[in-house]
Amino acid sequence: MTVNLLGLDEQTLAAFIAEIGEKPFRAKQLMRWVHRFGESRFSDMSDLAKTLREKLVQSAVVAAPRVISDGVSEDGTRKWLLDMGRGNAVETVFIPEAGRGTLCISTQAGCTLACEFCSTGKQGFNRNLDAAEIVGQLWMANRALGATHTHEQGERGERGADDLALACGERQRNSERGARANRAVSNVVLMGMGEPLLNFDNVLPALRLMLDDNAYGLSRRRVTVSTSGIVPLIDRLREACPVALAVSLHAPNDALRDRLMPINRKYPLRELMGACVRYLDRAPRDFITFEYVMLSGVNDGEQQARELIALLADVPSKVNLIPFNPFPGTEFQRSPREVIRRFSDSLNAAGIVTTTRKTRGDDIDAACGQLAGQVQDRTRRVIRMEAA
Ligand code: SAH
Ligand code: SF4
């Protein structure tokens, strides 16, 4: 059986290397070739012994998902549609900004959670992506962008009005990387299609690789998991790999959140806020980012701003307002700019740092919540199977 090396974190790669009878230090070398330099051909891994290269040809591959299409928006946002087999496809989006580049990665083909305002949620669910398919998005993007978009990872990349991965003073990393280093992407957000925490077992090795100095060497504050709020899994992430956390809130009370996000019926706001506070003990930053999609006349009023301020009183937070991005068939509309500004001003006046996300890439349907990919929905079948 051939193993796809893209999905193996340090431990599993070491086990694989031992299995083929090689010395442990080879794992590190191999990891650098694959992730740091984006190399897929074993024959080109020049400092590996010939016998090892031959063994690898027999037993392993480095295979990222196939690119179906690749589009660049007027504002430079780039979107890839990736083949996930059997009629499924997911999307990966790169957002270039001065001094940094953020990659938005998908974790599932579709999503089971069916939030009302989300295009992915409306399409149903097919399957979890495996670790190689998740990391493969980063590997592929770095390779595709390598020639055109490289920059140093320094402080410059960590500032910005609508920053999702704010940080300060991170030391320069990986300065030994050569000209071929594979580093166009400086920040990763798991905010594409799917609910990352519901695919925990594949997301975890992928996160570990993003952080590994021999792979992508990103700091924990430059990697953000966005979740709709799966309380026990927020706790699990806190134990296993506490990267930056963004929580999709979207409503300041349970009645409205129940309606917009059915997962709230299982994990209501009180429990969610408890998990956020616990997460802060281990988080790489001293606040949680709350995402709040601005839906005209639904969650954007003065009263709701007041409720939100009260809800967040005990949780060190930053709020990121996301102007709703429409998609075909939706009942919602984006809040007018004035309304978003008023809402933002109320929160800021109450001491909650609030930013409004720039809408990027909407001319190529690459904006938040517009990612549709292609999903062969199996949800109904799953429900039928569970009922049987
Ligand atoms: N499932 C995870 C991550 C993917 S969604 C989550 O829900 O957090 C990434 C972000 O885009 C979430 O905050 C989500 O609520 C938001 N979003 C979904 N649909 C949107 C839309 N139509 N317009 C703007 N933001 C949207
Ligand atoms: Fe799933 Fe997130 Fe979309 Fe909700 S917002 S349906 S959790 S991808």
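Thr 102 lies in strand E6, which covers residues 100-104, where helices (H or I, at least four residues) and strands (E, at least two) are DSSP runs numbered from the N terminus. Thr 102 is buried, with a relative accessible area of 9%; buried means under 20% relative accessible area, exposed over 50%, and partly exposed in between, computed with a 1.4 Å probe on protein chains only. Leaving aside residues up to four places away in sequence, Thr 102 touches Val 93, Phe 94, Ile 95, Glu 97, Asn 187 and Val 189, contact meaning heavy atoms within 4.5 Å.

This is a predicted model, in which local features need pLDDT of at least 70 and side-chain atom pairs count only at pLDDT 80 or more, while totals for chains, interfaces and linings use all residues. Residues are numbered from 1 along each chain as its sequence is written, chains are lettered from A and ligands numbered from 1 in the order in which they are written, and side-chain values use heavy atoms, with hydrogens and water left out.

The secondary structure of the protein comes to 12 helices and 14 strands. Of the 388 residues of the protein, 57% count as buried, and the protein exposes about 16700 Å², of which carbon and sulfur atoms supply 50%; accessible areas come from the Shrake-Rupley method with a 1.4 Å probe, and for residues only the protein chains shown count as cover. Among the contacts in the protein with a separation of 6 or more, 70% are accounted for by residues 24 or more positions apart.

Strand E6 belongs to an open sheet of 10 strands, whose order is E3-E4-E5-E6-E9-E10-E11-E12-E13-E14 and whose pairing is mixed; two strands pair if DSSP finds at least two bridges between them. Strand E3 (66-72) and strand E14 (353-356) stand at the edges with a single partner strand each, so one side of each is left without a neighbour in the sheet. On average, and with direction ignored, neighbouring strands of this sheet are turned by 20 degrees against each other; axes are lines fitted to C-alpha atoms, for helices over the stretch in contact, and angles run from 0 to 180 degrees between N-to-C directions. Strands of a sheet pair through backbone hydrogen bonds, either parallel or antiparallel.

At the E3 edge, 6 bridges join E3 to strand E4 (residues 78-83), and the two run antiparallel. Val 72 stands opposite Arg 78 in E4, and the bridge partner of Gly 71 in E4 is Lys 79. The hairpin of E3 and E4 has 5 residues between the strands, and in this hairpin Gly 76 takes a positive phi near 95 degrees. At the other edge, helix H11 (residues 337-349) lies across strand E12 (288-294), strand E13 (317-323) and E14, running at about 160 degrees to E14.

Most residues other than glycine have a negative phi, and most peptide bonds are trans. Arg 86, in the loop between E4 and strand E5 (89-97), has a positive phi near 50 degrees and counts as exposed at 82% relative accessibility. His 250, placed in the loop between strand E11 (244-248) and helix H8 (254-260), also has a positive phi, near 70 degrees, but counts as buried at 4% relative accessibility.

The loop between helix H2 (25-36) and helix H3 (50-59) holds Met 45, and Phe 42 is placed in the loop between H2 and H3 as well. Met 45 is buried, with a relative accessible area of 0%, and Phe 42 is buried with 6%. Not counting residues up to four places away in sequence, Met 45 touches Leu 30, Trp 33, Val 34, Glu 39 and Arg 53; on the same basis, the residues touched by Phe 42 include Leu 5, Leu 30, Arg 53, Leu 56 and Val 57. Two C-alpha separations from these residues are set out below.

| Residue pair | Places apart along the chain | C-alpha separation |
|---|---|---|
| Met 45 and Leu 30 | 15 residues | 8.1 Å |
| Phe 42 and Ala 60 | 18 residues | 9.2 Å |

The residues around ligand 2 are Cys 111, Leu 113, Ala 114, Cys 115, Cys 118, Gly 121, Gly 194 and Ser 228, a residue being near a molecule if one of its heavy atoms lies within 4 Å of it. This shell divides into 5 nonpolar, 3 polar and no charged residues, where Ala, Val, Leu, Ile, Met, Phe, Trp, Tyr, Cys and Pro count as nonpolar, Asp, Glu, Lys and Arg as charged, and the others, Gly among them, as polar.
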